[in-house]
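Student: I have a model open and a list of labels that I'd like to see justified. Can we go through them together?

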Amino acid sequence: MEIVDMVTKSAPITGEQIAETLGVSRPTIRSDLSVLVMLGFIDAKPKVGYFLGKALKPERKAQDWMQEWKVKDRMSRPVVIRDTATVGDAVISLFVENVGSLIVTSDQDALIGMVSPKDLLKFTLGNPSASTIPIRMVMTKQAQLVTIEPEETLLEAARRMMAYQLNSLPVVRARMTEDGGREAEVVGRITKTNITQAMVEIASHM
């Protein structure tokens with residue numbers, strides 16, 4: 001680790017400089033340098049010297065953390081509305097919860113759809129009776145939604161949000177129904193805010 005510290009502070013640094021600082025001969029540390037290079041802690045360029053390896057670079061640490069963190073570790077509670085609700089109920093929930101979308105579920109917490117302010121505007125503008133419209137007629141249905149499971153990585157969640165230009169994803173897990181089918185149980189939501197908070201934590205540890 002003394003060698004790694006030296007390379008971190010003084011890169012690029014030659015093998016002779018490292019040996020001189022440690023008070024040993026160059027052949028004495030040859031095997032140590034080879035092992036550190038093999039592990040990715042340091043790297044070497046001919047006629048230049050040693051520098052920090054990919055395994056210890058800050059951007060590599062960030063990537064490792066994003067791959068190690070699971071969605072379940074960073075997700076928020078799901079903000080849901082039942083599929084029996086109306087547009088009026090959804091409008092109130094959006095304001096009270098101060099969120100960008102609502103997850104629509106059954107009484108058993110199975111994913112039915114999602115509704116956003118944009119969905120609601122399509123039906124409310126110029127429609128005096130819009131508040132009584134069933135939410136099922138307004139929502140984006142489950143088949144069109146992008147979801148993620150609790151055991152998937154935070155990095156994968158970020159990739160899906162970017163790929164589909166979304167601000168949040170419902171976190172679901174599959175379960176069997178009484179008739180032998182499968183449905184998606186809503187267990188949380190992961191948002192851009194959750195991911196931003198994780199990135200701030202990563203940066204503070206670098």
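Tutor: Sure, let's take the labels in turn and set values against cut-offs; keep in mind that this is a predicted model.

Student: Let's start with the helices. What makes α1 oblique to α2?

Tutor: Helix α1 (residues 2-10) and helix α2 (residues 15-22) pack at an angle of about 120 degrees, and their axes are 11 Å apart. Roughly perpendicular covers 65 to 115 degrees and roughly antiparallel begins over 145, with the rest outside roughly parallel called oblique. The angle of about 120 degrees therefore makes α1 oblique to α2. The crossing of α1 past α2 is right-handed.

Student: Which residues make that contact?

Tutor: On α1 they are E2, I3, M6 and V7, and on α2 they are I18, T21 and L22.

Student: What is the peptide bond from A11 to P12, cis or trans?

Tutor: Cis, with omega near -5 degrees. P12 sits in the loop between α1 and α2.

Student: On to the salt bridges. How do you know that K72 and E151 form one?

Tutor: The cut-off is a side-chain nitrogen of Lys or Arg within 4 Å of a carboxyl oxygen of Asp or Glu. For K72 and E151 the closest N and O atoms are 2.8 Å apart, so the pair passes. The two partners come from distant parts of the chain, 79 residues apart: K72 is in helix α5 (residues 71-74), and E151 is in the loop between β6 and α8 (154-164).

Student: Why are K72 and E151 called partly exposed?

Tutor: Buried means under 20% relative accessible area and exposed means over 50%, so partly exposed is what lies in between. K72 has 41% and E151 has 47%, so both get that label.

Student: What about R160 and E156?

Tutor: Their closest N and O atoms are 2.8 Å apart too, so the pair counts as a salt bridge. R160 and E156 are 4 residues apart in helix α8, which means about one helical turn separates them.

Student: Which of the two labels, buried or partly exposed, goes to R160, and which to E156?

Tutor: R160 has a relative accessible area of 18%, so it is buried. E156 has 23%, so it is partly exposed.

Student: How many salt bridges does a search of the whole structure find?

Tutor: It finds 10. One of the pairs is E185 with R173, at 3.2 Å from N to O. This pair links strand β8 (E185) with strand β7 (R173), 12 residues apart. E185 is buried at 16%, whereas R173 is partly exposed at 43%. There is also a network of salt bridges linking R173, R175, E183 and E185.

Student: How do you know that β7 and β8 pair?

Tutor: Pairing takes at least two bridges, and 9 bridges join strand β7 (residues 168-176) to β8, with the strands running antiparallel. One of the partnerships puts P170 of β7 opposite R189 in β8. Their hairpin has 5 residues between the strands, and there G180 takes a positive phi near 90 degrees.

Student: What makes β8 largely enclosed?

Tutor: In strand β8 (residues 182-191), 8 of the 10 residues are buried, so the rest of the structure largely encloses this strand.

Student: Then the other strands. What makes β3 and β6 edge strands?

Tutor: The open sheet has 4 strands in the order β3-β4-β5-β6, with mixed pairing. β3 (80-82) and β6 (140-141) are its edges, as each pairs on one side only. Between β4 (residues 102-105) and β5 (residues 111-115) there are 4 bridges, and these strands run antiparallel. L102, for instance, has V115 in β5 as its bridge partner.

Student: Last one: why do K47 and Q165 count as exposed?

Tutor: Exposed means over 50%; K47 has 91% relative accessibility and Q165 has 73%, so both clear the cut-off. K47 lies in the loop between β1 (42-45) and β2 (49-52), and its phi is near 65 degrees, a positive value in a residue other than glycine. Q165 is in the loop between α8 and β7, and its phi, near 55 degrees, is positive as well.

Key. Residues numbered from 1 in each chain as written. Predicted model: local features only at pLDDT ≥ 70, side-chain atom pairs only at ≥ 80, totals over all residues. Heavy atoms only, no water. Helix = DSSP H or I, 4+ residues; strand = E, 2+ residues; numbered from the N terminus. Buried < 20%, exposed > 50% of the residue type's maximum accessible area, 1.4 Å probe, protein only. Axes fitted to C-alpha atoms, helices over the stretch in contact; angles between N-to-C directions. Parallel < 35°, antiparallel > 145°, perpendicular 65-115°, else oblique. Left-handed = near helix turned anticlockwise from the far one by under 90°. Contact = heavy atoms within 4.5 Å.
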